[in-house]
Amino acid sequence: MSKPNTVQTVLSVASCKLTRWALRVTHRGGTALPGKVARVFAKDILEAVSSGMEIIVVTGTNGKTTTSRMLEHALTSSGHPCLANKSGANLLSGVTAELTCNADWLGKPKSHYAVIECDEGALKQVVPLIHPKVIVVTNLFRDQLDRYGEVMHTADAIRSGIKKVPEAVLCLNADDSLVSSLAFDVPNRVVYYGLDTPYGDQKDVEISDAKYCIRCGKEYRYHYHTYAHLGGFCCDSCGYERHETQTAVTKVKRIAPDGSDVTLRTGSVEQDVHIGLPAIYNVYNAVAAVAAYTAFGLPKEEILSSLSDVHSSFGRMETFDLGGVRVQMILVKNPAGCNQALQYLAGMEEDFKVVFALNDRTADGHDISWIWDADFEQVTTDPHVQEVLVTGDRAEDMQLRLKYGDCSEDRIHLEKDQGKILEQIRRSTLPVYILPNYTSMLSLRKLLSEATGGSEFWK
């Protein structure tokens, strides 16, 4: 693989910057197209514009954006300016656009540090060009079956990327048997993180994504669960089991809408930490970020102190004030993530309204059958839920799912016009929680941001 020459580099960088400028002047984002244009002039411009940088890459099914935001916040608040693709454009073209626009006209990077969120399928294209110092893998769940296929295909895609960068330190979720298996037969240094403690009701749960041992095919036994297939797994047949962790939460003290309080261990040292985001999956995101930050060679005190005031990423637990109405948006895109969001709502001790928004566009995955695997019953019979609004291209499918979930028809209202949804929210006297999938989140967030004076999603 050869780097582009000077002429190719200048043309590539200039075309990328100009394309992004034109798109953003017209409020169209400019997250992926500039990268595609840049690669026309220099296919491997990404390697040139990332040369000499120290980079953390975050991949996995759920939690990429929030974990990346935690890392970026820790770096910048500690005086280490860094680049991040915070818009969420995480394919090769989006990563190329972000890093190329960060470079000067000769392709020299302006930032020394970068935190890059990377799509699982794109990892094998991206990491050989940017040579990350650390790769974090959050978890593996079924997601967009029409694009990724079954979860083992996703694991294989990530594994093929890891094999191209043997020098990268791997930060792997010890509680996820699929993620832990990525350490098989690779020379990379591995750091394991997770929850050394159970969470939630320890009753039998349906473990559909990773029920059987990846080595021998026998069913796992669990010492404890946290959620979905995460927890203290072991195989009594071949001995494959959860690895000991170098960074872990040893106690979950409190999870509330204003944040989470945990005891976190790094090495042998434990300390109490406040995470400025709610929900157990954000506890996982936080411990992943701490593991990556320390593996990156920076002081753990920097990231631990920054977690208390970390803000949500766009669409992920993001809160808006719409004329006095508290509106919280929680992106959901697969059964595991949706169940955690529903569990969060089921724990509310106040009356509220909920909006489900479902599209089936390319970025979402055209297969929306996953909604039948999510446990909407957690909220459909909740007495605190005063009204349910459904919207999006597949609103009728969501309405049907809720009806089968024992939600009374008089509480469900279908409205395809998102502008009218916004007006109904504005008139609410109760808090409103919006659970959209990806493209419906983008459009609803744009309306909310414009109505509340917020920033564009790429900022």
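**Close-up views of a predicted model**

**View 1. Helix α15 packs over the sheet.** In this predicted model, helix α15, made of residues 418-426, lies across five named strands: β12, β13, β14, β15 and β17. Its direction makes an angle of about 165° with β15.

**View 2. Helix α12 also lies across strands of the sheet.** Here we look at residues 335-346, which form α12. This helix crosses β12, β13 (325-330), β14 (352-357) and β17 (432-436), and it runs at about 170° to β17.

**View 3. The sheet itself is open and mixed.** Follow its 6 strands in the order β12-β13-β17-β14-β15-β16. At the edges stand β12 (316-322) and β16 (412-414); each has a single partner strand, so one side of each is left without a neighbour in the sheet. From one strand to the next, the twist averages 20°.

**View 4. Strands β15 and β16 meet in parallel.** Strand β15 covers residues 385-391 and is joined to β16 by 3 bridges. For a handy landmark, find L389, whose bridge partner in β16 is H413.

**View 5. F356 and L435 sit in the largest nonpolar core.** This core has 74 residues, and F356 and L435 touch the most other members. Helix α10 (residues 280-295) gives the most to the core, contributing 13 residues. Beyond its neighbours within four places in sequence, L435 contacts I330, V332, A341, L342, L345, V354, V355, F356 and A357.

**View 6. A second core stands separate.** Now turn to a set of 46 residues. Among them are V13, V57, V95 and L182.

Terms used:
Residues are numbered from 1 along each chain as its sequence is written. This is a predicted model: local features need pLDDT of at least 70, side-chain atom pairs count only at pLDDT 80 or more; totals for chains, interfaces and linings use all residues. Side-chain values use heavy atoms; hydrogens and water are left out. Two strands pair if DSSP finds at least two bridges between them. Helices (H or I, at least four residues) and strands (E, at least two) are DSSP runs, numbered from the N terminus. Axes are lines fitted to C-alpha atoms, for helices over the stretch in contact, and angles run from 0 to 180 degrees between N-to-C directions. Contact means heavy atoms within 4.5 Å. A nonpolar core is a set of buried Ala, Val, Leu, Ile, Met, Phe, Trp, Tyr and Cys residues joined through side-chain atoms within 4.5 Å. Buried means under 20% relative accessible area, exposed over 50%, partly exposed in between (1.4 Å probe, protein chains only).
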